[in-house]
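Okay, thanks for coming, everyone. I'll put the structure up and then walk you through a few spots in it.

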Amino acid sequence: MESCCSSACRPDQTLSIRYRRVLWVALALNALMFLVEIVASHRAQSASLLADAVDFLGDAGNYAVSLFALSMGALWRARTALLKGLTMGAFGLLVLGRAAWGALSDFTPHPATMGFVGLLALAVNVLVTVLLYKYREGDANMRSVWLCSRNDAIGNLAVIAAAVSVSLTQSAWPDLLVALLMGALAIAAGKVVIVQARQEIVEVRAHDIRDRETRRDARRVHT
């Protein structure tokens, strides 16, 4: 893997402007969908919709942090990505806990609401994923944003499938299983981002040490 300190990995001004605009669009859409799904999850009594709503909120925060990180140096961008990876993993654990709690409750979610909101969320996430597709191979921050959007689209398909299953079986278990799936996806994606961010931190620090040694040797030669 090429060092993130190489010229190819330095933020390009034109790229940063385009990427920033995409992030603002993604931030607005995710914040709106959080509000829609938090209300829908309460009305439908759906654990998977609630998990998706919290996921939309987490993604909105993710995009906000990414916008802030664009103006940072390489080391702080990697540190920010590390924090985001840890947050993604924590969200996954939270969703798993919510699904476990739901398994102990006696209720059946409303499949029609789940299906309709799931389709709306899928449309939003597909749009965001398409907008972010060209930036998926960037640094850990860009990759974390892409992974979140991709996982969201997968999660929406699962919510729709759960709505159909709940309607056919009149059971809450499809809804709970989707919540478990979404939690596992968040943990897996968080691990990927954490590994890449830690590698970038090591590379940046090694590059800084080499720079300091080079400058020190240059001073010795001149003296």
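Before I name any helices, here's what I mean by one: a helix is a DSSP run of H or I with at least four residues, and the numbering starts at the N terminus. By that rule Trp 24 sits in helix H1, residues 13-44. And do keep in mind that this is a predicted model.

So, the overall picture. The protein chain has six helices and zero strands. Going along the sequence, you just read α-α-α-α-α-α. How much of the protein chain is buried? Of its 223 residues, 45% are.

Let's stay with H1 for a moment, starting with that tryptophan. Is Trp 24 buried or exposed? It's exposed, because its relative accessibility is 52%, and the cut-off for exposed is over 50%. Its C-alpha is 9.4 Å from the C-alpha of Ala 60, and those two residues are 36 apart along the chain.

Further along H1 you'll find Ala 31. That one comes out as partly exposed, because its relative accessibility is 33%. Which residue have I paired it with? Phe 56: the C-alpha atoms of Ala 31 and Phe 56 are 6.7 Å apart, with their positions 25 residues apart in the sequence.

Now over to helix H4, residues 111-132, which is where Leu 127 lies. Leu 132 is in H4 too. Compare how the two are covered. Leu 127 has 43% relative accessibility, so it counts as partly exposed. Leu 132 is down at 1%, so that one counts as buried. Leu 132 also gives us a long hop in sequence: its partner here is Val 22, 110 residues away along the chain, and the C-alpha separation is 7.2 Å.

Back to Leu 127, since it's part of something on the surface. Which residues make the nonpolar patch? They're Val 25, Leu 127 and Leu 131, and the patch covers about 220 Å².

Next up, H3 and a leucine with another long hop. Leu 83 is in helix H3. Why do I call Leu 83 exposed? Because its relative accessible area is 54%, and anything over 50% goes in that class. Its pairing is with Ile 194: 111 residues apart in sequence, 8.0 Å apart from C-alpha to C-alpha.

Okay, pockets. I want to talk about the second largest one, which has a volume of about 320 Å³. It's lined by 21 residues, and the ones closest to its centre are Asp 55, Gly 58, Asp 59, Met 88 and Cys 148. Which elements give two or more residues to that lining? That would be H2 (47-69), H3 (74-103), H5 (140-169) and H6 (173-222). H2 makes the largest contribution, with eight residues. As for the chemistry of the lining, we have eleven nonpolar residues, six polar and four charged. If you're wondering about the principle behind all this, rolling a probe the size of a water molecule over the atoms shows where empty space is left.

Last thing, for those of you who like to check backbone angles. Where does a positive phi turn up in a residue that isn't glycine? One case is Gln 45, with phi at about 55°. Gln 45 is in the loop between H1 and H2. Gln 170 also has a positive phi of about 55°, and it isn't a glycine either. For Gln 170 the location is the loop between H5 and H6.

And how covered are those two glutamines? Gln 45 is partly exposed, because its relative accessible area is 39%. Gln 170 has 55% relative accessibility, so it counts as exposed.

To recap, then: six helices and zero strands, a pocket of about 320 Å³ that is the second largest, a nonpolar patch made by Val 25, Leu 127 and Leu 131, and two loop glutamines, Gln 45 with its positive phi and Gln 170 with its own. That's what I've got, so over to you.

Note on methods
Residues are numbered from 1 along each chain as its sequence is written. This is a predicted model: local features need pLDDT of at least 70, side-chain atom pairs count only at pLDDT 80 or more; totals for chains, interfaces and linings use all residues. Side-chain values use heavy atoms; hydrogens and water are left out. Patches are made of residues with over 30% relative accessible area and no salt bridge: like charges are joined within 9 Å, nonpolar side chains (Val, Leu, Ile, Met, Phe, Trp, Tyr) within 5 Å. Accessible areas come from the Shrake-Rupley method with a 1.4 Å probe; for residues, only the protein chains shown count as cover. A salt bridge is a side-chain nitrogen of Lys or Arg within 4 Å of a carboxyl oxygen of Asp or Glu. Buried means under 20% relative accessible area, exposed over 50%, partly exposed in between (1.4 Å probe, protein chains only). On a 1 Å grid over the protein atoms alone, a cavity is a set of points where a 1.4 Å probe fits but cannot get out, and a pocket is an open set with protein on both sides within 12 Å along at least five of seven lines; lining residues have an atom within 4 Å of a point. Grid points are joined across faces, edges and corners, and a volume is the space filled by probe spheres set on the points. Ala, Val, Leu, Ile, Met, Phe, Trp, Tyr, Cys and Pro count as nonpolar, Asp, Glu, Lys and Arg as charged, and the others, Gly among them, as polar.
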